[in-house]
Amino acid sequence: MSGDDDMLLVISNAPDLLLAKRIAHVVVEQGLAACVNLGAPTLSIYTWKGQVEGAEEIPMWFKTTAGRVEALMQAIARMHPYEVPEIIAVPVTASAQPYRDWVREQTAPQSGR
């Protein structure tokens, strides 16, 4: 059984740290994610339009709920410069209950933001 308050981890990348910080700030401020972690630059290798490419990117991990995930993914895509940005949501099958409760509180509509 799943519900709108089930916790999800959304994974994406940004082309630079400034944009990653901007995306993180906006989605947390809007209550679409409780927390966003930004990782160290990493090299991504991928095929784009028939060519193997490589780019340095900033990994981003967003903690949210199922009820907020669609709005979060739309916000990321809207701010992202890539034609096809990576935005992946995976279920969180276990977490510390106090953390899970905090994520739910932070992403609940009208939670005092």
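In the predicted model examined here, H80 is a buried residue, with a relative accessible area of 6%. The residue is placed in the loop between α2 (69-79) and β5 (87-91). Leaving aside residues up to four places away in sequence, H80 makes contact with S12, N13, A14, P15, I23 and P85. Two of these partners, N13 and P85, recur with H80 itself in the lining of the largest pocket.

That pocket encloses about 240 Å³ of space. Its lining consists of N13, S44, Y46, T47, W48, E57, H80, Y82, E83, V84, P85 and E86. By residue class, the lining comprises five nonpolar, four polar and three charged residues. Strand β3, which covers residues 42-48, is the greatest contributor, supplying four residues to the lining.

The loop between β3 and β4 contains K49. The backbone of K49 adopts a positive phi of about 55°, although the residue is not a glycine. K49 is exposed, its relative accessible area being 65%; this value lies above the 50% cut-off for exposure, and K49 is therefore classed as exposed.

Strand β4, spanning residues 51-65, includes both E56 and K63. E56 is assigned to the exposed class because its relative accessibility of 57% is over 50%. Its contacts, not counting residues up to four places away in sequence, are with P15, P41, T42 and L43. Of these, T42 and L43 fall within the range of strand β3 (residues 42-48), and P15 is also a contact of H80. A further spatial relation links E56 to D16: the two residues are 40 positions apart along the chain, yet their C-alpha atoms are separated by 8.0 Å.

K63, in contrast to the exposed E56, is buried. No salt bridge is formed by K63, and the nearest side chain of opposite charge, that of E86, is 15 Å away. A salt bridge requires a nitrogen-to-oxygen separation within 4 Å, so the pair K63 and E86 does not qualify. E86 is itself one of the residues lining the largest pocket. The surroundings of K63 are formed by contacts with L8, L9, A33, A34, C35, N37, Y99, V103 and T107, again without residues up to four places away in sequence.

Note on methods. Residues are numbered from 1 along each chain as its sequence is written. This is a predicted model: local features need pLDDT of at least 70, side-chain atom pairs count only at pLDDT 80 or more; totals for chains, interfaces and linings use all residues. Side-chain values use heavy atoms; hydrogens and water are left out. Helices (H or I, at least four residues) and strands (E, at least two) are DSSP runs, numbered from the N terminus. Buried means under 20% relative accessible area, exposed over 50%, partly exposed in between (1.4 Å probe, protein chains only). Lys and Arg count as positive and Asp and Glu as negative; His and the chain ends are not counted. Contact means heavy atoms within 4.5 Å. On a 1 Å grid over the protein atoms alone, a cavity is a set of points where a 1.4 Å probe fits but cannot get out, and a pocket is an open set with protein on both sides within 12 Å along at least five of seven lines; lining residues have an atom within 4 Å of a point. Grid points are joined across faces, edges and corners, and a volume is the space filled by probe spheres set on the points. Ala, Val, Leu, Ile, Met, Phe, Trp, Tyr, Cys and Pro count as nonpolar, Asp, Glu, Lys and Arg as charged, and the others, Gly among them, as polar.
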